[in-house]
Amino acid sequence: MDLGLKNKVALVTGSSAGIGFTIAEKLAEEGCNLIICGRNSQQLQEAYQSLIQTYPSQQVLSLSADVHQAEDSERLVQESLKKYGRIDILVNNSEGANFTENLIENLSDEDWLTVFQGKLMGYIRLTNLVLPRMKQQQWGRIINIIGTSGKEPSPRLVKSGVVNAALMNFTKSVARQSATSCVLINSINPGIIDTPRHREYLQIYAEKEGTTPDIIRQEIIKSIPMNRIGRSEELANLAVFLASECASYMTGITIPVDGGISASAF
Ligand SMILES: NC(=O)c1ccc[n+]([C@@H]2O[C@H](COP(=O)([O-])OP(=O)(O)OC[C@H]3O[C@@H](n4cnc5c(N)ncnc54)[C@H](OP(=O)(O)O)[C@@H]3O)[C@@H](O)[C@H]2O)c1
């Protein structure tokens, strides 16, 4: 199957590790030129080196940026356009709400506003920054990496759940407003995927609940119908498909990659 991704320009945020890095790798494998970013410059440099060594035919622009900050996101888009003159694909991927406090009565208005200023505003802002040009060029793909908690609320992930539900809704609204311009926006809900963030989650909940990360991990595995934790590649394959020409009649949907953990039928 020809995915039609050769020489497309893909901006993948939060791409120095975890799901974002694997998506960047898979897009490079299909012939995309990349913009990658992250906050920690050492980790970003390692990701950059790995990408240029593995995919020497592809161009990679690596920029240190925090996509939860307006100025950084604006700079990211400006620098990307300066280098490539276009952005064909945006993968919105950045840190979700922290795991430290999820009890509603302990969360102040300020805590909530801080949460909303993070992943939610980050994805909305970057979408706004790339959308006009994508519409102008009559081609674009936006893929949001959201999270199953948006649909399946969990007491351990209250803040993420609220943000993720909003992003699923945002996906649908933007899709409807952009469909006639051939700008397609879809989202992926990771279930439990083995990444640095997942390992941090295990550590934090082990400490909170006075147990070990491995016991929490075993407990999680029991709740997954496929009886195992997912790999970033399993999610990145779908992201590449959604970015491709082959996904030309799909927009506004959120697809779970979760080993069957979502309980609802739709
Ligand atoms: N893994 C899972 O099981 C799971 C489940 C549900 C949802 N998700 C969602 O999937 C997304 C990716 O998760 P992951 O597990 O791959 O996370 P991860 O292992 O923590 O990796 C996140 C990557 O994004 C970068 N990043 C994070 N926040 C950023 C920001 N504000 N600006 C720029 N770069 C940023 C990180 O580098 P720096 O820290 O250096 O910036 C790192 O490269 C998140 O939105 C998460 O909520 C993951």
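## The ligand and five residues in a predicted model

A backbone N or O atom of isoleucine 193 lies 2.8 Å from an oxygen atom of the ligand. The protein buries 90% of the 890 Å² that the ligand exposes when taken alone. Keep in mind that this model is predicted.

**The ligand site**

Where does the ligand sit? Its place is the largest pocket. The shell around the ligand draws on several helices. At least two residues each come from α1 (18-29), α4 and α6 (196-208). There are 29 residues around the ligand. Those that come nearest are Ser16, Arg39, Ser94, Ile193 and Thr195.

Polar contacts with oxygen atoms of the ligand are set out here.

| Residue | Part of the residue | Distance to a ligand oxygen |
|---|---|---|
| Arginine 39 | N or O atom in the side chain | 2.7 Å |
| Isoleucine 193 | backbone N or O atom | 2.8 Å |
| Alanine 17 | polar backbone atom | 2.9 Å |

Arginine 39 uses its side chain here. Alanine 17 uses its backbone, and so does isoleucine 193.

**Asparagine 102**

Now move to a loop. Asparagine 102 lies between β4 (89-92) and α4 (109-137). Is this residue buried or exposed? Asparagine 102 has a relative accessible area of 6%, so it is buried; the cut-off for buried is under 20%.

What does its side chain reach at 2.8 Å? The partner is the backbone nitrogen of valine 158. A second backbone nitrogen, that of lysine 159, lies 3.1 Å from a polar atom of the asparagine 102 side chain. Residues up to four places away in sequence are set aside in the contact list. Asparagine 102 then touches Leu107, Pro155, Arg156, Leu157, Val158, Lys159 and Tyr205.

**Two buried serines**

Serine 160 is part of helix α5, which covers residues 158-178. Its relative accessibility is 8%, so serine 160 counts as buried. Beyond its neighbours within four places in sequence, serine 160 is in contact with Ala97, Ser149 and Arg197. How far apart are the C-alpha atoms of serine 160 and isoleucine 145? They are separated by 12 Å, with the two residues 15 apart along the chain.

Serine 244 belongs to a loop, the one between α8 (232-243) and β7 (254-257). Serine 244 is buried because its relative accessibility is 0%. Which residues does serine 244 contact, leaving aside its neighbours within four places in sequence? They are Leu3, Leu5 and Arg141.

**Two residues with positive phi**

Look next at the backbone angle phi. Most residues other than glycine have a negative phi. Glutamine 138 has a positive phi of about 55°, although it is not a glycine. Cysteine 182 also has a positive phi, near 60°, and is likewise a residue other than glycine.

Where are these residues found? Glutamine 138 is in the loop between α4 and β5 (140-145). Cysteine 182 is in the loop between α5 and β6 (183-190).

Why does glutamine 138 count as partly exposed? Its relative accessibility is 44%, and partly exposed covers the range between the buried limit of 20% and the exposed limit of 50%. Cysteine 182 has a relative accessibility of 37%, so it counts as partly exposed too.

Technical notes
Residues numbered from 1 in each chain as written. Predicted model: local features only at pLDDT ≥ 70, side-chain atom pairs only at ≥ 80, totals over all residues. Heavy atoms only, no water. Helix = DSSP H or I, 4+ residues; strand = E, 2+ residues; numbered from the N terminus. Buried < 20%, exposed > 50% of the residue type's maximum accessible area, 1.4 Å probe, protein only. Polar contact = N/O pair within 3.5 Å; in protein donor to acceptor, adjacent residues only side chain to side chain. Contact = heavy atoms within 4.5 Å. Near = heavy atom within 4 Å. Areas by Shrake-Rupley, 256 points an atom, 1.4 Å probe, with all protein chains shown as cover. 1 Å grid on protein atoms, 1.4 Å probe; cavity = no way out; pocket = protein on both sides within 12 Å on 5 of 7 lines; lining within 4 Å. Sits in = over half its atoms within 2 Å of the grid points.
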